[in-house]
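I opened this model to take notes on its helices and its pockets. My entries follow in the order in which I looked things up.

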Amino acid sequence: MLKTTLLFFATAVAEILGCYLPHLWVQKGGSILLLIPAAASLTVFVSLLMLHPAASGRIYASYGGGYILTAVFLLRFFDGVRLTPQDWLGAAVIFSGVLIIVFGWAKSV
């Protein structure tokens, strides 16, 4: 289960980076060369997504929660945005949902 959780977060980082770099190019006046690592990151994202234990709705639902949690932590620690209590509460609720889904699918196998 730890392997799957780490895989969720690695997949989310690759996806977010692949989307954030074009944002820097378009919105922040960055170099068009940012599209090269963005494409590489999205390639890694797809490759990591294929490594998940099963291509089921449970995997994608729990990955979605991992994506949201990763985005919140990147917002805080990379963008320096001070999170509100509602942000932390929302992240806790999402994490609880991910755990419920993951433990439910582990018992159904």
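**Entry 1, helix 1.** I began with burial. In this predicted model, helix 1 has these buried residues: Thr4, Leu7, Phe8, Thr11, Ala12, Ala14, Glu15, Ile16, Gly18 and Leu21. I noted that the charged Glu15 is on that list. Next I checked the length. The 26 residues of helix 1 should span 38 Å at 1.5 Å a residue, and the end C-alpha atoms lie 36 Å apart, which agrees. Then I looked past the end of the helix. Glycine 29 follows helix 1 and has a positive phi, near 70°.

**Entry 2, the whole chain.** I stepped back to the fold. I counted four helices and zero strands. Along the sequence the pattern reads α-α-α-α. The C-alpha atoms fill a box of roughly 50 × 35 × 20 Å along the principal axes. The chain has 109 residues, and 26% of them are buried. I also looked at contacts between residues at least 6 apart in sequence: 71% of these join residues at least 24 apart.

**Entry 3, helix 2.** I moved on to residues 35–49, which form helix 2. Its 15 residues reach 21 Å from the first C-alpha to the last, close to the 21 Å expected at 1.5 Å a residue. Which residues of helix 2 are buried? I found Ala38, Ser41, Phe45 and Leu48. They sit on the same side of helix 2, because they cover an arc of only 85° around the axis. Ile36 and Thr43, on the other side of helix 2, are exposed. I then asked what covers the buried residues of helix 2. The cover includes helix 1 (2–27) and helix 3 (57–77).

**Entry 4, the largest pocket.** I turned to open space. The largest pocket holds about 230 Å³. I listed its lining as Val13, Ile16, Leu17, Tyr20, Ala71, Leu74, Leu75, Phe78 and Asp79. Helix 1 and helix 3 are the elements that give two or more residues to this lining. Helix 1 gives the largest share, four residues. By class, I found eight nonpolar residues, no polar ones and one charged. The charged one is Asp79. Ile16 turned up twice in my notes: it is buried in helix 1, and it lines the largest pocket.

**Entry 5, loose ends.** Helix 1 and helix 3 now appear in two of my entries. Both help to cover the buried residues of helix 2, and both contribute to the lining of the largest pocket.

Methods
Residues numbered from 1 in each chain as written. Predicted model: local features only at pLDDT ≥ 70, side-chain atom pairs only at ≥ 80, totals over all residues. Heavy atoms only, no water. Expected span 1.5 Å × (residues − 1). Buried < 20%, exposed > 50% of the residue type's maximum accessible area, 1.4 Å probe, protein only. Arc of directions from axis to C-beta. Contact = heavy atoms within 4.5 Å. 1 Å grid on protein atoms, 1.4 Å probe; cavity = no way out; pocket = protein on both sides within 12 Å on 5 of 7 lines; lining within 4 Å. Points joined across faces, edges and corners; volume = space filled by probe spheres on them.
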